[in-house]
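Let's take a look at some aromatic rings and a pocket. Keep the structure open while you read.

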Amino acid sequence: MIGQSVRLTTIRGIEVGLHYSWFIILFLITFSLTTRFASEHPHWTTVEHYTVAIATSLLFFASIFLHELAHSFVALAKGIHVRSITLFAFGGVAQIGREPDRPLTEFQIAVAGPIASALLAVGFWFVSHLAGDQFEHVAALGGWLASINLMLAIFNLVPGFPLDGGRILRAVLWHVTGSFAKATRIAAGSGQIIGYGLILGGIWMGLVTGNWFSGLWLAFIGWFLRNAAQESVLQVSLSSVLTGVRAEDIMARDCPTVSGRMRLAELVQEHILKTGQRCFVVAEGGRLEGLVTLHQIKAVPQSRWTDVSVGEAMTPLAKLRVVTPETLILEVLQAMEGGDINQVPVAKDGQFVGLLTRDHILRVLSTKMELELPTGPGPIRASADAV
Ligand SMILES: [Zn+2]
């Protein structure tokens with residue numbers, strides 16, 4: 001989701017971006033506000049209707065941004081790195097580096113957003129009242145922003161994970177039960193139920209009141225919430241299964257190595273065609289030298305396979321991501337995701353000891369998940385806020 005976004009700026013190391021879906025919503029909200037202002041203030045000119053509508057919707061998104069910024073600043077104050085804030089169709093998302101390690105921290109980060117929205121509601125209410133009849137445009141803008149920010153504060157307090165209210169619920173459950181995974185499962189279960197409720201409510205609204213626009217809107221938010229809740233359960237079980245697992249615990253130790261002096265023709269004939277393996281570790285006397293993949297072999301014209309050596313075609317050690325046997329699997333997975341790597345050699349003092357591949361980790365993971373589900377906080381937290 002964060003991938004397809006336009007980067008705006010960076011604030012205290014936090015990347016701020018707009019997801020492409022945001023532009024559609026900006027247009028829809030501006031359009032709907034224009035219609036609203038036109039019916040409430042028929043004596044305004046069309047230009048006035050549009051100008052006030054555009055200013056209002058931009059301030060609305062600024063409000064959502066401030067809500068996310070409130071979560072992020074509390075996280076930063078607690079020593080948790082914040083990667084990005086992205087505004088998208090259904091609100092905003094703050095990507096936070098890791099899960100808070102205490103229920104209180106989780107609570108404080110979660111509650112900061114709704115507090116920010118409530119303060120904004122109060123602020124806009126004052127603006128609207130001070131403007132009065134003298135500054136009608138400002139009064140209309142402030143009035144709408146006050147009520148939408150109040151709704152934002154209230155809706156996000158609904159106790160369904162990953163909404164803020166769901167995070168508060170999780171923090172409380174985590175504090176009471178002492179189990180992060182259990183708290184997440186319950187809070188996310190509540191999130192899924194609320195998600196389904198919103199979908200049904202949206203359909204009902206469309207059928208009964210004929211207001212299909214708001215109904216669909218509600219249903220989409222419900223669908224988004226349901227998916228996000230499901231995903232977070234998966235992520236928590238994934239990371240809780242892998243917490244504390246180190247490279248040496250699950251790496252493949254029986255991985256054959258080849259010499260860098262070998263010609264590509266021999267590697268293909270004697271090793272690749274016979275084993276079907278697509279990636280080979282290159283080592284000399286046990287010393288890790290590099291990694292050669294099918295992809296790299298194919299990059300060399302077939303006529304040259306008898307001349308080119310494995311050492312010339314491989315990714316050399318200097319450009320490889322290598323881990324030690326003690327490295328945590330969660331770190332290895334993050335490196336794989338970040339660098340789009342499929343295999344990571346494990347070496348100790350330069351000696352090759354094993355290989356970790358994405359497939360291998362996933363296989364071990366699914367086996368472990370069938371057998372056990374220990375508890376422990378995971379590495380990634382995405383706070384989702386719906387409008
Ligand atoms: Zn929030």
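Which residue lies over the face of F73? That's R12, sitting 4.7 Å from the ring centre. Bear in mind that this is a predicted model.

## Rings that pair up

There are seven aromatic pairs in the structure. One of them brings together F60 and W144: the ring centres are 5.6 Å apart and the planes meet at 75 degrees, so this pair counts as edge-to-face. F60 belongs to helix 2 (residues 46–77) and W144 to helix 4, so the contact ties together parts that sit 84 residues apart in sequence. Both F60 and W144 are buried.

Another edge-to-face pair is made by W125 and F126, at 5.3 Å centre to centre with 80 degrees between the planes. Here W125 is partly exposed, with a relative accessible area of 43%, and F126 is partly exposed too, at 47%.

F60 and W144 also have company: ring pairs link them with W22, F23 and F61 into a cluster.

## The second largest pocket

W144 turns up again in the second largest pocket, which holds about 680 Å³ of space. The lining has 20 residues, and those closest to the pocket's centre are W144, I148, M151, S214 and W217.

Where does the lining come from? Helix 1 (20–40), helix 4 (136–156) and helix 7 (212–242) each give at least two residues to it. As for chemistry, the lining of this pocket splits into 16 nonpolar residues, three polar and one charged.

How values were computed. Residues numbered from 1 in each chain as written. Predicted model: local features only at pLDDT ≥ 70, side-chain atom pairs only at ≥ 80, totals over all residues. Heavy atoms only, no water. 1 Å grid on protein atoms, 1.4 Å probe; cavity = no way out; pocket = protein on both sides within 12 Å on 5 of 7 lines; lining within 4 Å. Points joined across faces, edges and corners; volume = space filled by probe spheres on them. Helix = DSSP H or I, 4+ residues; strand = E, 2+ residues; numbered from the N terminus. Nonpolar A, V, L, I, M, F, W, Y, C, P; charged D, E, K, R; others polar. Phe/Tyr/Trp six-rings, centres within 6.5 Å; stacked < 30°, edge-to-face > 60°. Buried < 20%, exposed > 50% of the residue type's maximum accessible area, 1.4 Å probe, protein only. Lys NZ or Arg CZ within 6 Å of the ring centre and 35° of its normal.
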